[in-house]
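This report covers a ligand shell, the nonpolar cores and two loop residues. The structure is shown first.

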Amino acid sequence: MKIAIVGGGISGLATAFYIRQKNPEVSITLFEKDEQIGGKMKTKEVKGFLFEEGSNGFLSNKPDTLELVKSSGCDDILMRSDDNARIRFIYKDALHQLPESPMAFLKSPLLTCKGKLRVATEYFRVPKVDDSDETLQSFGYRRVGKEMTDTFLDAMVAGIFASAPDKISVKSAFPAVAKLEREYGGLFKGMLAKRKKEAGPGGVLMSFKGGVSTFIDRLAKASKIEIKTGLHVKKIDKKDGEYTLQVDGKEESFDKVILSTPSYESANMLTEVDAKLSSILNSIEYSPISIVGLGYNELPHDLKGFGLLTTTSAKKEILGVLWDSSIFDDRAPKGKKSLRVMIGGQRNPELALKSDEELLEIAVRGVKETMGLDAVPDVSYVKRYERGIPNYRVGHLESMENLFEKLKDHKGLYLSSNAYYGVGLNDCVGNSKKMAEQILADM
Ligand SMILES: Cc1cc2nc3c(=O)[nH]c(=O)nc-3n(C[C@H](O)[C@H](O)[C@H](O)COP(=O)(O)OP(=O)(O)OC[C@H]3O[C@@H](n4cnc5c(N)ncnc54)[C@H](O)[C@@H]3O)c2cc1C
């Protein structure tokens, strides 16, 4: 039995690990088009500063990534974020601390009294009767009101998906939130009921010593598979129950193929296998986003906290600033500090694709306007993604049902990436584990 995995991001690597864990004999080859594996999990070192090109960690309140870290023997590189990283800020008209308790919420200037009162009435709001999909904005306006949605939900969705409340589906992007209304009749009711059932501390942000690339490399080794980097899979053909991969002018056949690539890449590879499948894959939208890392030898700011997110109403060019060296202290050399600025997303898609120089200017200006810091960075690093994070539109779940139903026509072909059921590392790892279990059951 020969298995090919296309794509060496966390989804491809986790799928490989879980297949290998249960079956030491099967032949697994992973093809990655870049020279380095990791996909959106890559760490770039610049003059002693460690800048993450994508994700900087995962939350411990879901078991998936922690379990993978432990099973792959990577506990020794696990790193807990600084306790101060729980302090977060929102920039609306000025920089305000995100309230952490009901009392702090009541005192917070982020909402007017009317806005806070509207949030409090959520408990009594009648739940939606039908199960139809809607935007996060429509859900938020119904449940907690316009002010809360345009401030808290707006900043949160920019931070997680680089999206905007009116451009993303609540059921697909925040299934747990939608479920609270469906199962308990409201958010407060659901949270109170869950608190009774699931007493315990909330999640802590975790990462890895030396950055996420350290984990990626260790996971790849632990999987004991053949990894071929710098190889772009252009096309897949299906004949007599086998799949032939066309890779840089050569062909290789496999019994099973797992595509752990962005959906638009999978669509290109599958045009001749199934045009309908390819067309559904192509319909999944991605948000452009750029990350600008800034390193300072000296910075007159204590950076006590996780960082800030802006609201759309603030009309700033940046989505937010992560105070990297405060979150994980090995991200900057001793005594130095680093930030990462996020630009673009659904809010300002055109800004994400500016030149490196322009992005650096926008980042420095954004830091000045939101944090009042007029400092020139000593080191910088720019990473641009034309299609960075999948943006699940209203109707995404229904479209995924059609996609996976259609996939049943192709025994031995599997799809596993962040394009379908969640973009967080915990989602990618959890879904990859399920995928590996299905593949093992099909063998
Ligand atoms: C800027 C940013 C910040 C983020 N921050 C966080 C965070 O803090 N926490 C969190 O939980 N999540 C975060 N995420 C989300 C998370 O990082 C991603 O959802 C996850 O890493 C995606 O993994 P993946 O393996 O599904 O896809 P990818 O990482 O995109 O991997 C796909 C791989 O396939 C390869 N490939 C594509 N086409 C081909 C081909 N034809 N042939 C061969 N190889 C191919 C690509 O080169 C790539 O390596 C962030 C994402 C971004 C973009």
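Does Asp240 count as buried or exposed, and why? Asp240 counts as exposed because 5 C-beta neighbours lie inside 10 Å; a residue is exposed if 12 or fewer other C-beta atoms, placed from the backbone, lie within 10 Å of its own, buried if 20 or more do, and partly exposed in between. The model is predicted, so local features need pLDDT of at least 70 and side-chain atom pairs count only at pLDDT 80 or more, while totals for chains, interfaces and linings use all residues. Residues are numbered from 1 along each chain as its sequence is written.

Asp240 and Lys315 are set out below; neither is a glycine. Strands are DSSP runs (E, at least two residues) and helices are H or I runs of at least four, numbered from the N terminus.

| Residue | Phi | Loop between | C-beta neighbours inside 10 Å |
|---|---|---|---|
| Asp240 | about 50 degrees | β11 (233–239) and β12 (242–247) | 5 |
| Lys315 | about 55 degrees | β16 (307–310) and β17 (318–322) | 8 |

The largest nonpolar core (buried Ala, Val, Leu, Ile, Met, Phe, Trp, Tyr and Cys residues joined through C-beta atoms within 7 Å) has 60 residues, of which Val321, Val341, Ile343 and Ala363 touch the most other members. Helix α6 (residues 146–161) gives the most to this core, 7 residues. A second, separate core of 52 residues includes Ile3, Ala14, Phe208 and Phe215.

Around the ligand are 36 residues (C-beta atom, placed from the backbone, within 6 Å), with Gly7, Gly9, Ser11, Gly39 and Ser55 coming nearest.
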